[in-house]
Every structure is written in C-alpha cells, then in structure tokens.
There are 2 protein chains.
Amino acid sequence: MDDQSVGVPPTLASVAELAGVSRQTVSNAINNPELLRPDTLERVLGVIANVGYTPNRAARQLRSGSSHLIGLRFDPPQEHTANALMDRFLHTLVQTTRATGHHILLFAGAAGDPLDGYDDLLRSTAVDAFVLTDTYTGTPQAAWLQERGAPFVAFGRPWDDPEASHSWVDVDGGAGVAQATDHLIGAGHTAISWLGWEASSRIGEDRRSGWQRRMDEAGLPTHGLAERITDNADAARLAAHQQIDNGASAFVCASDTMALGVLQALAERGLSAGTDTGLVGFDDSAAAQIVGLSSVRQPLEQVAVEVVAALHDILDEPSGDRTGLVLTPTLVVRRSSSA
Amino acid sequence: MDDQSVGVPPTLASVAELAGVSRQTVSNAINNPELLRPDTLERVLGVIANVGYTPNRAARQLRSGSSHLIGLRFDPPQEHTANALMDRFLHTLVQTTRATGHHILLFAGAAGDPLDGYDDLLRSTAVDAFVLTDTYTGTPQAAWLQERGAPFVAFGRPWDDPEASHSWVDVDGGAGVAQATDHLIGAGHTAISWLGWEASSRIGEDRRSGWQRRMDEAGLPTHGLAERITDNADAARLAAHQQIDNGASAFVCASDTMALGVLQALAERGLSAGTDTGLVGFDDSAAAQIVGLSSVRQPLEQVAVEVVAALHDILDEPSGDRTGLVLTPTLVVRRSSSA
DNA sequence: CACACCTCCTTGAACGTTCCAAGTCTAGCT
DNA sequence: AGCTAGACTTGGAACGTTCAAGGAGGTGTG
C-alpha cells in the first residue's frame, strides 16, 4: 500500500500493524484460520494480499523445525538408460510435492561415497526427508538413514534386506517382461530369446524371471535362448545374430539400448521387425518412440506420486507403518512387434 | 562425546561450552578462522569434529539473509529433445554448486503461467538466486526478475531484447551446424539438405544460418534444399524422401529426432548412411550414440559451469556487469557420416 | 609508570517466525 | 448486577545463528 513496499519486504509484524492486530493473529490467519472471527480474518487476509506478504521460510523453519524441503541426491548417471527415467520421475516428484508445499533439494556427493551429502543436510536440518533413487544391490543408504532415524522413502526395493522396515516403492520388472513375452507368444512366436544383463544384477534377474515364467507356462523351451551381456547396443547386435542362427524369431530385451542393437542385426539380415520377427525393449525411451520399438514402460509418474504419499504419511504421522508397494508397468506396442 | 549426543543435535552454544569459549568464537572458527589463535582454533575445530556439529541452516539463513539455495523451475518438457539436455545440464549444475556450498531447489509452476512460483520463493527469501532455462522467444521471466531486482542467470540468450543487461550463457547453434556442414562438404558432398524447424523458432533459424553460411562460402547451391518441418521423425522421413528425389546426398538436421527419421528413409531405399550418404543430427542424444549417428553436441557441462560462475559474480559483487557468453558446440562424428 | 595499541575473545542484540500462557472482551446465566 | 465460560487476542520467550560493540590481556612507547 505505502511506498515502503519497495525494498523492505513485509513481515508478520508490519502486516499486523497495518491490519491493526497482533503478530500472532496474522500468524493464525495463515496457519489456523478457523481461530479467527470471519471479519477479522478477512481484514487480515486483505492486508496480506495487498502488501504481498509471504512468510519468511528461514524464520518459520527455525521456529517450527521443518524446512519443507525433500532432499534427493542427484548423481551423474551410471548407466545409459538411467537418464530419461530419472527425468520423468523427477518431474512428477516436483509437481506432486508442490501440492504439499514441499520443494525438492538436489545435492551431489563424492563419487566414491554413497553416503556423502546426507549427513550434512541432516545435521544442518536443511531437509525434512530424503528420497532415495539409487538403492541397487548393496547400497548402504537405506540402512544408514534408518539407523539415524531420518525420514525417507526409497524408489527401489531392498533386495538384500527383506527385513528392512522402511517405506519403498518399486516397479515389478518381471511382470512387465511377462506382458511382453505374452504379447510375442500371442503373435505366434515360439522361439523367443531373452537378452539381459549379467546375473549379478538383481533388477536384471527380476526382469528375466518374467520371461522364464511365461515361457514355462506356455510349454516353450528356453534352453539356450537367454543371453546375459553388458548393456550395450553392439553386444546385443552380436548376440542377436547368434540367436537368429539358432532359430530365434523374437526378442525380449532388458533395455531399449539392447533392443536397438537387435534392430540393427535384423536390418543387417534384411529382416523386418514386426513382420518377420518380434522385438520388445524396456524403458520406453525416446529412441524407442522414434524408431517404433515396442517397449515396457515403467509407471514412473505413479511411482513418484506414491513416494510423495508415503513421505506424507511418514512426516505427518510418525507411527505410519507403511512399507513396500510394487507397481506394474505397461507394455507399449509399436511396429517392432506388430504386423 | 557425552551420551547427550543422541537426540539433541549439537548447537553453537553447546560446542562453545565444551570447548570453553563463547558462541561467537565458535562461529568465527567456522566463518573467519584467521581471527583465532592457532591453538584455540584447533581446540574448537576438534570439538566440532568430535560432536559432529553442522551449523543450522535455518538460523544461519535467518540471520545472514542468504539461503545458499539456487531456484530452478523444472517444468515437464515441452519438446521431446529437451529431456536429456536438461539432465546433463542439471547434473553439472548440482555438481558445480557443491563447491560453492549451494544447493539446487527445484520447483514447479502452473502450466499456463511462466512466472508462477518465482514470486513466492522470492518473497519468502527461500532462494538466493534463480537459474532460468526456458528463455525461449517471448518468455517474460527474465524481464520480470530483473525488474524486481532478483539475481539470476539465464541459459539461453535474450533473442527478443538485445538491450537486456542480465547475465546469460548460450550455445552457438549456428557454429555447430556450420561444423557439421563443413564436415559433409569435406567428405565430398555437394547437395547437402537442411532439415529444420519452422521459421518462427529463433533457435532453429540460428542453427539454419550455420548451414546457409557454409554452403554459400563453398559456392554450393541451397535453393530448394532447406525443409522447415515439425520436430518429428516421420515428418523428417517424408521430407528426406523428397530431398533424395531432388538429388540430395547428405543431410544436416536441427535435431536427432529428425535425423533418425532420415535414417529410416535411407534404409527404406537401401541406402547406407556414411557410405552412400552423409547425415548429421543435433544434440548427441542417447539414441544417436546407440545407432551411430553423427551429431552436434552442446557443451552443457561447460554451460552449467559458466552459469555458476556468473551466479557467483552476481551474488558476491553486486556491481559485476557480466553479460552474455556464447559457447561453441562440438561435432561428434560417427558412422552416419564417415565411410 | 601511565598511556595507547594491538590481539584475541566475549557479550548483548537482532533476524522473523511460532509456541505458550495469560489477557480482554462479549454473551449467557443466576 | 455480578459472575463465569468461551471465543478471540495479546505480549513475552524461544529457535540458533551472525552482527556490532565492547572487554581482558599483553606489548611497546613516551
């Protein structure tokens, strides 16, 4: 209202003076409106809107103890495929937390130390909770945070520790691959090959199990049809050539990267994916969308929503004994697997 | 040291008591170590390390006025290509700000309102500065923030307003395309086609200018060789067929998406990129790496570093009259353009 | 020997909010 | 009219840090 509005930001006290009430009343108008008489509330809110007042986050955090920030360690991707996935997940995370008044704080840590960064943020009370996204086999973050009593939710299940009692959300990779396998079986393929990662990858073996299960259920042979290779288009190309020599007519892959390698192998032999052969990848990457590759799509948006919901439970009711949640991916059918 | 270390986090006062000094001395040990006598400093730092003290961010922010947070609006990508780019940029941003003690705060805004979200963070003094990444044609963020006196650095130059005096960093798309064109000319191609976006795209026209310039300098014709289409593989595929009919033997594209469309067109004709024809995309996407597509790579890591440097200048010396900086991309040569 | 001076450290206040306990006012009851 | 319950409002204190002054101790100088 006055010209003092420029330069000096409005504070609770200045709003109170303008509205002719006390600081606490203004605070209540914001945090507990039901405590005020309607006319008082209206007057106070009017002044707030007028001068454009927004509570100072630092002061609020200092007094109330909560920062309304969610920490997420954002490391450079280790695998090629991780990029785009994280992107979709992160977008939804930011969108969803908006509704709860939280923001996402990204931090980095020393490359070799998976725990680096968490400690500082925790001790400086900079964040209310963490979201873990890199809980692969053997990562110590979850146990470490839990031991410390820090609130967090993990994207990825605790493979190593079935006793873990923290909240987590994960995607059922096996179910996704099972869908893909069904799809190819339904199209008449009987020699369906699996191209996956090394057996040391828990996620990779989970995905492979979906193929194995469906092949077994359909009474189809799997011996010699599974290849465990590195996540690399060229390795997949070579493996595909070999599988084709062995009579394979369709492929389910643990990643789009591999599927694109298969696509090359098919092209080199003058075969066409979708007519002569069937091919399904995993992750529904941008490349898959462009080249018309069928792919298993993880419900990352839904994962993010569930992560936020779990976070909300933890922060609001400390007793919330929410634990694991497994979501099912969907199969996106494109040219590479449909005639 | 004591068993009180569990539960109650150490504070400046508790550290001071343990070290036998005053609060301020502990504060100085952290922020102005040169003010302390060496032995006192050592003793205080010892206690700090012992009890695992980290200054409370809220209190520090409240008193000093700076949050050590950099705000970045993280909207769902409008264009397909934007994803991976943002990812690389963001990773380096997080890494680089780590050294300066800053963190990245991601926030979302209402879809229709490009200004939404900035205001609240500014008024609540939640962030020290912003990084803008969506400064396309006609976006009002930069002008709005500047008017408000808010510190920020933009990734992307102010095409519309050459008078703008804020700091920005951008990539010279024209120079990148010029490199690609040179490369194809050097390989013996004379009929090099340009596949780009609609003329309304400032960035698109900037890139196209690099092709135009080099073709002119080499005395090669460009008439009828430029196509302006939507950023879409299928549109590019169709355009490529037409250009091939017209005698084009090489393509420079404004995006990898388009280049992949061209790749399909070539395959459909039994032509091989790299031997019969030359093809270069833009952005060095994951797909380009997988299929062996030559592409212009933006120096996003370097952009992020420069953005942080500019930010540092602004925050530390308010007079710093740093303005624009244009970085040059590099050409990554792969099979699609080399025999 | 007193004075100023430098070095090192300490004390009180303040940042803007929310919690706590106590205060004022209105209305209802006897 | 006096008293009380309830609804609403108030002022003081506290969160943990940094800023601005000020104080203790020693050393050099007239």
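In the predicted model, chain A is divided into three parts: domain 1 spans residues 4-64, domain 2 combines 69-171 with 300-328, and domain 3 combines 173-298 with 332-337. The centres of domain 1 of chain A and domain 2 of chain A, taken over C-alpha atoms, are separated by 34 Å.

Over all chains, the structure holds nine aromatic pairs. One of them is formed by Tyr118(A) and Phe130(A), whose ring centres are 4.9 Å apart. The planes of these two rings stand at 65°, over the 60 degrees required, so the pair is edge-to-face. Tyr118(A) belongs to helix H6 (residues 118-123) of chain A, whereas Phe130(A) belongs to strand S3 (residues 129-132) of chain A; the pair therefore ties together parts that are 12 residues apart in sequence. Both Tyr118(A) and Phe130(A) are buried.

In chain B, an aromatic pair is formed by Phe107(B) and Phe130(B), with ring centres 5.9 Å apart and planes at 65°, so this pair is also edge-to-face. Distant parts of the chain are linked by this contact: Phe107(B) lies in strand S2 (residues 103-107) of chain B and Phe130(B) in strand S3 (residues 129-132) of chain B, 23 residues apart. Phe107(B) and Phe130(B) are both buried. In chain A, ring pairs join Phe107(A), Tyr118(A) and Phe130(A) into a cluster.

Contacts between a charge and a ring were also examined. Arg207(A) is placed over the face of Phe282(A), at 3.6 Å from the ring centre. In chain B, Arg207(B) lies over the face of Phe282(B), at 3.6 Å from the ring centre.

Terms used
Residues numbered from 1 in each chain as written. Chains lettered and ligands numbered in written order. Predicted model: local features only at pLDDT ≥ 70, side-chain atom pairs only at ≥ 80, totals over all residues. Heavy atoms only, no water. Domains from an automatic or database assignment. Phe/Tyr/Trp six-rings, centres within 6.5 Å; stacked < 30°, edge-to-face > 60°. Helix = DSSP H or I, 4+ residues; strand = E, 2+ residues; numbered from the N terminus. Buried < 20%, exposed > 50% of the residue type's maximum accessible area, 1.4 Å probe, protein only. Lys NZ or Arg CZ within 6 Å of the ring centre and 35° of its normal.
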